[in-house]
Every structure is written in structure tokens, then in C-alpha cells.
Amino acid sequence: MVTNETKSSLKMAIEKLRIAEFELYRPSEDVETLSVCLTAHQYMGAMMRAFLLSKSIDHNEEESLENLLNHCKSVDNEFENISFSNIFCCQLNQAECENNYCLSIEKVNNCMTVANQVKLIILNNLELSELE
């Protein structure tokens, strides 16, 4: 069931995504890739937590994205259709990440693509249109 609390959480998460997207519209030399990567990760975590809350799935607020993803996959197999390999930055080589966050614009663009796919799956599953 989608409660007002869940809708509010989703709206706040989507606002985080918009902030990260806005950063990518800047000239490439001005883009703060660390900020985009961190914001995208926070967004995906918030969206997945809200989704799990709406499905009454127990989870720890401090769970990793990978664990949250596994919970989400158990509820909706659409999550299996997304390649999440780009968001697990700690598995990238050191030239492309620092302290588990992406530094290249190409990598953060990939992360934003995944974030938008997560948004579509969750909003479709919860039968919500874009939350404004």
C-alpha cells in the first residue's frame, strides 16, 4: 500500500535525482562527479527503501545498495533487467573511482541511467505517475 509517508519519501528521493541531473547539465569541466555519484547513490537507496516500505518488507535503514537491490529483486523481477554493475563503484579500477565513488562523467552518466531505470520500475510497480 502506498501511504502518504511513502509518497513523501519518493518525492524527496526524486528531488535528489533532479539535483544530480542538474549538475550534469553544467559544462563538463565544471561537473562535480563525486557529488553526482553520491547523490545518485543516495537517491537509489531512498527509492528502494520507500519501495520496500510500501511492500511491508523489513530492511535495515543502513543496508547497502546491493542488499536493498536484492530485497527489491525478491519483490519485482523487473529489477533483474537492469545492469547494476555500473553503480557498485568499489568494484571499478582505481583510475575511475576514489573512496568508492566515480570520478568520470561517463561513469556518473551510467549511474544516472540506472537511477532513472530504478525510478521507472518503482513508480510503475506502485502504479504512480511521476511525482511532482
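Which residues line the second largest pocket? In this predicted model, the lining consists of E5, S9, M12, A13, K16, A46, R49, A50, L53, H59 and E61. Helix 1 (4-24) and helix 2 (33-54) each supply at least two of the lining residues. Helix 2 also packs against helix 3 (residues 65-75) and meets helix 4 (residues 105-125).

**Second largest pocket**

- The volume of the second largest pocket is about 200 Å³.
- Helix 1 gives the largest share of the lining, 5 residues.
- By class, the lining splits into 5 nonpolar, 2 polar and 4 charged residues.

**Helix 1 with helix 2**

- Helix 1 and helix 2 pack with their axes 9 Å apart, at an angle of about 160°.
- Angles over 145 degrees count as roughly antiparallel, and helix 1 and helix 2 are therefore roughly antiparallel to each other.
- Helix 1 passes helix 2 in a crossing that is left-handed.
- On the helix 1 side, the contact uses E5, T6, S9, L10, A13, I14, K16, L17, A20, E23 and L24.
- On the helix 2 side, the partners are V36, T39, Q42, Y43, A46, M47, A50, L53 and S54.
- The residues of this contact comprise 12 nonpolar, 5 polar and 3 charged.
- Some residues serve both the pocket and this contact: E5, S9, A13, K16, A46, A50 and L53 are among the lining residues and also take part in the contact of helix 1 with helix 2.

**Helix 2 with helix 4**

- The axes of helix 2 and helix 4 come within 10 Å and cross at roughly 15°.
- Angles under 35 degrees count as roughly parallel, so helix 2 and helix 4 are roughly parallel to each other.
- The crossing of helix 2 with helix 4 is left-handed.
- Helix 2 contributes T33, V36, C37, A40, H41, Y43, M44, M47, M48 and F51 to the contact with helix 4.
- Helix 4 answers with I105, V108, C111, M112, V114, A115, V118, K119, I122 and N125.
- The contact of helix 2 with helix 4 holds 16 nonpolar, 3 polar and 1 charged residues.

**Helix 2 with helix 3**

- Helix 2 and helix 3 pack at about 40°, and their axes are 10 Å apart.
- Helix 2 and helix 3 make a left-handed crossing.
- From helix 2, H41, M44, G45, M48, R49, F51 and L52 make the contact.
- From helix 3, the contact residues are L65, L68, L69, H71, C72 and V75.
- The class split for helix 2 with helix 3 is 9 nonpolar, 3 polar and 1 charged.
- R49 is one of the helix 2 residues in this contact and is also one of the residues lining the second largest pocket.

Definitions and conventions: Residues numbered from 1 in each chain as written. Predicted model: local features only at pLDDT ≥ 70, side-chain atom pairs only at ≥ 80, totals over all residues. Heavy atoms only, no water. 1 Å grid on protein atoms, 1.4 Å probe; cavity = no way out; pocket = protein on both sides within 12 Å on 5 of 7 lines; lining within 4 Å. Points joined across faces, edges and corners; volume = space filled by probe spheres on them. Helix = DSSP H or I, 4+ residues; strand = E, 2+ residues; numbered from the N terminus. Nonpolar A, V, L, I, M, F, W, Y, C, P; charged D, E, K, R; others polar. Axes fitted to C-alpha atoms, helices over the stretch in contact; angles between N-to-C directions. Parallel < 35°, antiparallel > 145°, perpendicular 65-115°, else oblique. Left-handed = near helix turned anticlockwise from the far one by under 90°. Contact = heavy atoms within 4.5 Å.
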